[in-house]
Amino acid sequence: MTTTTFDTLSYFEKLKAAGVPEAQAKVQVEVMQGVVQQYDEASRKELATKGDIQDVRNELKDTKHEILKWMIATMVAQTALIVAVIAFLK
């Protein structure tokens, strides 16, 4: 799993070089670090686990069997109908 890295020292030094007072630069670094952590936590919640993927595979397999069952039943019914129509016409 990847995490977003945030270089707080570099950010702090850039703020100081731009003329931001040290106390304000520290607060901005702390706030930005919190934002990055919240972003990481939120993005991790959206990731699918191996269990989630296996659940989807099982659902697809069940759906495939259900469709196959209905197709076979429909073909049997059609065949019976065709045989009945042919027997009726004779």
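Visitor: How many aromatic pairs does the structure hold?
Guide: The structure, a predicted model, holds one aromatic pair (ring centres of Phe, Tyr or the six-membered ring of Trp within 6.5 Å).

Visitor: Which residues form the pair, and at what angle between the planes?
Guide: F6 and Y11 form the pair, with 5.4 Å centre to centre and 55° between the planes. That counts as tilted, because planes under 30 degrees apart are stacked and those over 60 are edge-to-face.

Visitor: Is F6 buried or exposed?
Guide: F6 counts as partly exposed at 26% relative accessibility, where buried means under 20%, exposed over 50% and partly exposed in between (1.4 Å probe, protein chains only).

Visitor: Changing topic, how many salt bridges are there?
Guide: The count comes to three salt bridges, each a side-chain nitrogen of Lys or Arg within 4 Å of a carboxyl oxygen of Asp or Glu.

Visitor: Which residue forms a salt bridge with K69?
Guide: E66 does, with the closest N and O atoms 3.5 Å apart. Salt bridges that share partners also join K16, E22 and K26 into one network.

Visitor: What separates E22 and K26?
Guide: About one helical turn, because they are four residues apart in helix α2; helices are DSSP runs (H or I, at least four residues), numbered from the N terminus.

Visitor: What conventions apply to the model and its numbering?
Guide: Residues are numbered from 1 along each chain as its sequence is written, and side-chain values use heavy atoms, leaving out hydrogens and water. Local features need pLDDT of at least 70, side-chain atom pairs count only at pLDDT 80 or more, and totals for chains, interfaces and linings use all residues.

Technical notes
Helices (H or I, at least four residues) and strands (E, at least two) are DSSP runs, numbered from the N terminus.
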